[in-house]
Amino acid sequence: MKVSVVIPALNEEGIVGKTIKSVPADEIISAGYDLEIIVINNNSTDNTAQEAQEAGARVILETNRGYGNAYKRGFKEADGDIIIMGDADGTYPLEQSMDFINYIVTDNCDFVIGSRFKGKIEKGAMPSLHQYIGNPMLTKMLNILFHANYSDTHCGMRAFTREALNKMNLTAPGMEFAIEMVIEASEKNLKIKEVPILYRKRGGGEAKLDSFGDGWRHIKYMLQRKFN
């Protein structure tokens, strides 16, 4: 069985290498899995690609920028039976990858997603607007509209089987991809598990989030999907 770790990266020089090295490769391989780490260079203008390659990742260039575009390309390139998602900026604990793998293999889960709110958010890792208003509001809205039961719909550390990926219809090019995936997982009746994680401060690079712009796009996506 093979595990693919897919990491999108846009101008993450100075941290992407550390993020790649945080993947517990020895632990995963010792558990009997083959492993590949793929970094999708989303048309960076810095040294992201070289740093990622030097850290041991296979680097794929995706010139169409966007969170969804990067991940869709990464999933297309990956050939793992299990796929793990994580950001390049060091915020997600990729060293916890075996927990996600074990829930899939031992508990027969299809889709495993981290929960920052059930776990711990390092001081300064998430703006107060996001932590106390934005993320809880968007999560509650999604749960109500789509009859789901997530505690953290926007957590970017996730894992799922190849079969689960094939069941989900993922088309969003931008940040809406994050909620498109959790809606698809819920609507396709996948067996879902949330895992408490530690969410850390960015290790470097520039933040890509636009609080109000991204928040509105997520609201608009949910309303259009539900009522169109």
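**Note on the predicted model**

1. Lysine 140 counts as exposed, since its relative accessibility is 57%. This residue belongs to helix α6, which spans residues 128–146. The structure discussed here is a predicted model. Lysine 140 and threonine 45 lie 95 residues apart along the chain, and their C-alpha atoms are separated by 37 Å.

2. Helix α6 also holds asparagine 135. Is asparagine 135 buried or exposed? Its relative accessible area is 9%, so asparagine 135 is buried, the cut-off for burial being under 20%. Leaving aside residues up to four places away in sequence, asparagine 135 touches Arg116, Phe117, Met126, His130 and His154. Lysine 140, by contrast, is exposed at 57%, the cut-off for that class being over 50%.

3. As to the overall make-up, the protein has 9 helices and 7 strands. Its radius of gyration is 16 Å, close to the 17 Å given by the globule rule for 228 residues, so the protein is as compact as a globular protein of that length. Taken along the principal axes, the box filled by the C-alpha atoms is roughly 45 × 40 × 35 Å. Of the 228 residues, 55% are buried. Among contacts between residues at least 6 apart in sequence, 76% join residues at least 24 apart.

4. The strands merit a separate point. An open sheet of 7 strands runs in the order β3-β2-β1-β4-β6-β5-β7, and its pairing is mixed. The edges are formed by β3 (58–61) and β7 (192–199), each of which pairs on one side only. On average, and with direction ignored, neighbouring strands of this sheet are turned by 25 degrees against each other. Edge strand β7 pairs with β5 (residues 111–121) in the parallel sense, over 7 bridges. Serine 115 stands opposite proline 196 of β7.

5. Asparagine 11 deserves attention on several counts. This residue lies in the loop between β1 (2–9) and α1 (16–22). With a relative accessible area of 11%, asparagine 11 is buried. Which backbone atoms lie by a polar atom of the side chain of asparagine 11? The backbone nitrogen of threonine 45 is 2.6 Å from such an atom, and the backbone nitrogen of aspartate 46 lies 3.4 Å from a polar atom of that side chain. Asparagine 11 and alanine 88 are separated by 77 residues in sequence, yet their C-alpha atoms are 9.5 Å apart in space.

6. The backbone of two residues should be inspected. Most residues other than glycine have a negative phi. Asparagine 11, although not a glycine, has a positive phi of about 55 degrees. Histidine 147 is likewise not a glycine and has a positive phi of about 55 degrees. Histidine 147 is found in the loop between α6 and β6. What is the exposure class of histidine 147? At 68% relative accessibility, histidine 147 counts as exposed, whereas asparagine 11 is buried.

7. Turning to the interior, nonpolar side chains tend to be buried together in soluble globular proteins. Here the largest nonpolar core has 71 residues, of which Ile20, Phe75, Phe111, Leu142, Phe160, Met181 and Met222 touch the most other members. Which helix gives the most to this core? Helix α8 (residues 177–187) does, with 7 residues. Leucine 142 touches His147, Ala148, Tyr150, Thr153, Ile179, Val182, Ile183 and Met222, residues up to four places away in sequence not being counted. One of these partners, Met222, is also listed among the core members that touch the most others. Another partner, His147, is the exposed loop residue of the previous point.

8. Helix α4 (residues 67–77) can be read with the core in mind. Its buried residues are Tyr67, Gly68, Asn69, Ala70, Tyr71, Gly74 and Phe75. These buried residues pack against the strands β1, β2 (34–41), β4 (82–85) and β6 (158–161), and against the helices α7 (162–167) and α8. Phe75 also appears among the core residues that touch the most other members.

Notes: Residues are numbered from 1 along each chain as its sequence is written. This is a predicted model: local features need pLDDT of at least 70, side-chain atom pairs count only at pLDDT 80 or more; totals for chains, interfaces and linings use all residues. Side-chain values use heavy atoms; hydrogens and water are left out. Two strands pair if DSSP finds at least two bridges between them. Helices (H or I, at least four residues) and strands (E, at least two) are DSSP runs, numbered from the N terminus. Axes are lines fitted to C-alpha atoms, for helices over the stretch in contact, and angles run from 0 to 180 degrees between N-to-C directions. Buried means under 20% relative accessible area, exposed over 50%, partly exposed in between (1.4 Å probe, protein chains only). A polar contact is a pair of N or O atoms within 3.5 Å; within protein, one must be able to donate a hydrogen and the other to accept it, and residues adjacent in sequence count only if both atoms are side-chain atoms. A nonpolar core is a set of buried Ala, Val, Leu, Ile, Met, Phe, Trp, Tyr and Cys residues joined through side-chain atoms within 4.5 Å. Contact means heavy atoms within 4.5 Å. The radius of gyration is taken over C-alpha atoms; the globule rule is 2.2 Å times the number of residues to the power 0.38.
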